[in-house]
Amino acid sequence: MRTFTEYLFRYRGYVILAIILMLVELAVEVIQPLLMSKIIDEGIVAGNVDSILLWGGLLVGTTIFAFAIGIVSSFYSSYVSQNFGFDLRQGIYESVQRMSYNAFGKFQEASLLTRISNDVNQVQNAVFMGMRILLRAPLLVITSLIMALAINAKLALYLVIAFPFLSFFLGWLMVRNNKLFRAVQQKLDQVNKVMQQSLMSVRLIRVFGRMSHENKQFQQQNEQLRAHTVTTMIFAELANPVVIILINGCILLMLWAARHQLQMGSPITVGEIVAVVNYAMRITGALSMISWIVTALARASASMQRIDEVFHVKDHEQTDAPSAQKPLHLKGDISFSGVCFTYPESNMKTLTDVSFKVKPGQLLAMMGATGSGKSSILQLVTRMYHSDAGVITIDGKNIDDYDLHQLRINIGYVPQEIMLFTGTVADNIRWGKLDASLEEVIEAAKLAQIHETIMELPQGYDTLIGQKGVNLSGGQKQRLSIARALVRKPSILLLDDCTSALDVETENKLLDAINKLSCTVLLVTQKMSTTTRADSVLIVDDGKVIKQGTHEQLLQLSTLYRKIYQSQRGKEATEWSNKTEQKLMTP
Amino acid sequence: MEQQNRTEANDSLKGISRWLHFFVLPFRYEKPSSFLKDSGEARQYKGLGLGGAPGRAPQQVKRSENMWGTLMRIWSYLAQYRVRLIAVLVMIVIATGMTLLGPYLIGHIVDHYIVESKDGLLFMLLLTAAVYVVQAISAWLQNIWMIQVSQQTVYKLRTDLFAQFHRLPIAFFTKRQQGDLMSRASNDIENISSSMNSSFIQVFSSTLTLIGIVVVMLSLSPLLTLLTFTVIPLMFMGMKWISNRTSRLFRMQQRSIGALNGFVEETLSGQKIIKAFGQEEEVIKGFTSRNENIRLAGFWAQAISGFIPKLMNGLNSLSFALIVGVGALMTIWTDSVTVGIIIIFAEYARQFTRPLNDLANQWNTLLSAIAGAERVFQILDEPLEVQDESNAKPLTSVVGDVEFHNVNFHYDQGQPIIQHASFQVKAGEMVAFVGPTGAGKTTLISLLSRFYEPSSGAILIDGQNIAQYTRESLRSHMAFVLQDPYLSEGTIMENIRYGRLNATDEEVYEAARLANAHSFIMRLKDGYQTELKLGGVGISQGQKQLIAIARALIADPAILILDEATSSIDTVTEIKIQEALQRLMKGRTSFVIAHRLNTITQANKIIVLEKGKISQIGSHEELSQQEGLYRKLVQGQVVLEA
């Protein structure tokens, strides 16, 4: 809740203003029954038409005044709530961006999305409502009560009886409802998850003929959601009936007392009784509003708790403002010594005692079974994760001592999985360096051997890709990702098995082009054709470097390497294995 | 000195203008009309140069095309709860009646038992108390009964939709975005659920209340009633003015939210790249620009729609003032009105505008729920995968001989996909399909597993036409190992057992051993109980393949269908996979969509497909001798798309 008050505090001036305006409005409303009692007592009972006109005119005048105030306050309160919502959304998104990659991994993407959109909306609406009704209802109750007490304390006292019970009951209801709504929300998440999963594996389910099995599982979750929702709602709906019975009971008691006092000869006027009854009825109306608010608040606070979970992630990356330091050009001398690494939340050691050195401008190839830790080595260089032990240095300086932004600006990274964004081809390449000129973009595309393909696209570099645009083949996407990394003119280029869909010829051209740049390249590959070109080859197995050397050295020293070499030679004898991976461009 | 004075004056002026600025700032927003015009469809977004990510525009309140049809359809779900719904209606009537009766009785008590001090006050008070108790109970009952009905309905709708997904032809899923289907299953159904919970009751009770109030008021004093009605035209005018503006603004807001959601979705899934490229600040800029749009549209939408309760309040007070003022005059000039009547009238007039307001609010909710229901029904109305013929019988045992007899296939009215396909396979043989993309390899497999039906010709298993069997029983004799292994979330044990649900733990271990998966599974911390996560860091692609093979092994099928993976898997794992596949194919009739030469050379029979026709059939040796696509492939003159 601290986040909530902190964000709302920024607009305290307007919050106060809105509340003051609301109080004015309220005052007018509260005065009305009083005016009515004047009309009755001074007008009707005394038969004075002038007095009726006077008080009646006042009644109309105050009404118009209250309306005008209400319109103005609507602006202030929506100013607060929209800005508050804006800030909150901005805050969550920024804290998601500032999180370490590791902390980010703990949230499900879908759940982050709902927090940013749905949950913020819930809270934002609660704030808006808060300024307009939340305070209004209790204030209406309190002021009406005070007015009633002022008019006739003896009568109004009967109304007061109900309040301790009511506040206790509503408070208890709110706490319970909050818990129940959270549970319902979780169940709903669960149902949606099962639905989504089953949509993802619809083919599998079909070929194994497991439809009834899946249906049964879904029905179970769905039934639980239904039951949860029904119990929660039945409970939440209790508020209103209880309020009705309690308050109206008090009114009846009060009427009973009024009659008694009249008979005892107390100085009570009919106008007074009427006014007090009118106040009591207003209280009833306001109270049922409160019971509705209690439910809404329970929901909003459940949402705020979900938002707070994001804010409370302490695991932030060190990100100084990028402009703070002047750009630093690294040479690209990389060294790992005794590096160990375990993924957070995992008990398996991913890397054990990894040591190697790469000189600036060299090409280091990494080979090994899937899951042996090659990608993790690359991710440690980008400082996406931190090693548990050992030292990684670049140009002789521990990478932890670099400013994160300065370090990453020097790195061009191409991950194994392809991630392109909605936008044009040029946008996607420029993503690597936002101020790149078109010439630079084209140069990078040429280096990545994708320029000609791009020129064949309907709008060349302005062709839209992504959901609405052209579909590119796997190999084309890979080369586009490489162009995005190359446009940065990086000192260190990290290629994570991103040439798998390229044929030997294109790959060779690409490597030739990269060779001409002065950058250190770390490359994960499965292909012998690539390792033969490398200055040095690292064989990684089960998180350990088993051998390092040139292609020739390894052929001598490593039986595993020889075995792989022979198996691929065998395939390459007919040039089949690699040729199949070449894309057939014609339809 | 003078200088100083001036700056002081300036300061105080700044002070004043700062104060003034503070007060007027909220009114200084860009006016809605100015940005509604230029923003027709796409507002330009800053940051990253990424075009406005389309995203999904969530829950736009749009008028449904066939509202009555959809309503009838919803009714068909509700109809089975007819009795309960009638009970709800009865409760609504009672609750509404009691709500109206309460104030009336209180006015009556004041008039006759307090002002006039008649006898029997206690009885009247108890009667009124009873009225309130009945009101409370019936209000509660109507709500909980309605909630029960609506949640049952939503449950049914969800279950139907889920089952429907598994009855639709696979082609359906290639046409649709998963996000869109998910949004129907979650957002739209939630929408229906929440509005059924409240709107139905609200609409009924508001209408009833309105009628009831008018009747009571008329019976009390027609003149005062007319007076109350004078505010109605004012109300309609006000509402019209407001909703003309807000409906556009709300649409605008929804669109902005859609754009923001799309942007967030994309940047969350590309988080790795954003971090590695240090582009956090840039995406934040992009987010800010979209967020600002929401704020702008949201501000005006909220500010203007915020007028509604103010208007209602104002009109309420106005009619209150009119009634009290005019009523008071009437008590003096005529005898037709008493103080009690004024009290009652004031109370009713307050209640009069509320149901009107509620009706206006609920109308929008209802419309959006109906639009949501329509989107759900659209899916339920999609043509199903062809269902089994009524005389279909289960296929009990299979030896494994397969024959295609002059099979032709085309989609409705479409181009022929498969032409004159004929070949024979003996039990236990391995067949490799080779050919360029689109040649019909996958279609042949789909015909064999009856995802499609041949347009003419017949497919025989053990000499019997497969058209006479039920699909599920036919497929139960086949196992599929596909390019994408399609593992589901759950433990490794559960994933392997998916091949045969009643397999014992021992059988699972055995299958994993044969599939070369046992050793790597045992190295995982939780072994067979390791939870596989979708897209999580869990296990590698190659290891997933091994689990998929184990899953096929445990199913122990007579016929095996294999779509060879093309993605690059490291050599060591690939050797393991090949080994496991050898064991899997042994003694089974296997159909392989092959991409690797060493797989193909092992086949007993190679079927070369070109443009839907079988161009060559034979063994590797035979085909290598012949002129044709196969030899060109082997010699590397032609390449296939992976």
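User: Happy to start with helix α7 of chain A: which of its residues are buried?

Analyst: This is a predicted model, in which local features need pLDDT of at least 70, side-chain atom pairs count only at pLDDT 80 or more, and totals for chains, interfaces and linings use all residues. Residues are numbered from 1 along each chain as its sequence is written, while chains are lettered from A and ligands numbered from 1 in the order in which they are written. Helices (H or I, at least four residues) and strands (E, at least two) are DSSP runs, numbered from the N terminus. A residue is buried if 20 or more other C-beta atoms lie within 10 Å of its own, exposed if 12 or fewer, and partly exposed in between, with C-beta atoms placed from the backbone; in α7 (residues 153-160) of chain A, the buried ones are A:L155, A:A156, A:Y158 and A:L159.

User: And what arc do they cover around the axis?

Analyst: An α-helix has 3.6 residues a turn, so residues three or four places apart point the same way. The arc is that of the directions from the helix axis to the C-beta atoms. The buried residues of α7(A) lie on the same side of the helix because their arc is only 140°.

User: Nice. What covers the buried residues of α7(A)?

Analyst: Contact here means that two C-beta atoms, placed from the backbone, lie within 7 Å. By that test, the cover of the buried residues of α7(A) includes, from chain A, α6 (136-151), α8 (162-200), α11 (239-263) and α12 (270-311).

User: Which helix gives the largest share of the largest nonpolar core?

Analyst: A nonpolar core is a set of buried Ala, Val, Leu, Ile, Met, Phe, Trp, Tyr and Cys residues joined through C-beta atoms within 7 Å. The largest one has 332 residues, and A:V276, B:F345, B:I549 and B:A550 touch the most other members. Its largest share, 18 residues, comes from α12(A).

User: Leaving out residues up to four places away in sequence, which residues does B:I549 touch?

Analyst: B:I549 is one of the residues touching the most other members of that core. Its contacts beyond four places in sequence are B:V481, B:A515, B:A580, B:L581 and B:L584.

User: Is A:T229 buried or exposed?

Analyst: A:T229 sits in helix α10 (residues 211-236) of chain A. Beyond four places in sequence, A:T229 touches A:V184 and B:Q151. Because 24 C-beta neighbours fall inside 10 Å, A:T229 is buried.

User: Turning to where the chains meet, which helix of chain B gives the most to the side that touches chain A?

Analyst: The contact takes 144 residues from chain A and 134 residues from chain B. On the chain B side, 23 residues come from the top contributor, helix α5 (residues 121-165).

User: In chain B, what is the bridge partner of B:V608?

Analyst: Two strands pair if DSSP finds at least two bridges between them. Strands β11 (residues 605-610) and β12 (residues 613-618) of chain B run antiparallel, joined by 5 bridges. Their hairpin has 2 residues between the strands, and B:K611 takes a positive phi near 50°. In β12(B), the partner of B:V608 is B:Q616.

User: Finally, where is confidence highest in chain A?

Analyst: pLDDT is the predictor's confidence in each residue, from 0 to 100. Chain A has a mean pLDDT of 80, with 91% of its residues reaching 70 or more. Confidence is lowest in α23 (residues 576-580) of chain A, at a mean of 37, and highest, at 92, in helix α16 (residues 438-447) of chain A.
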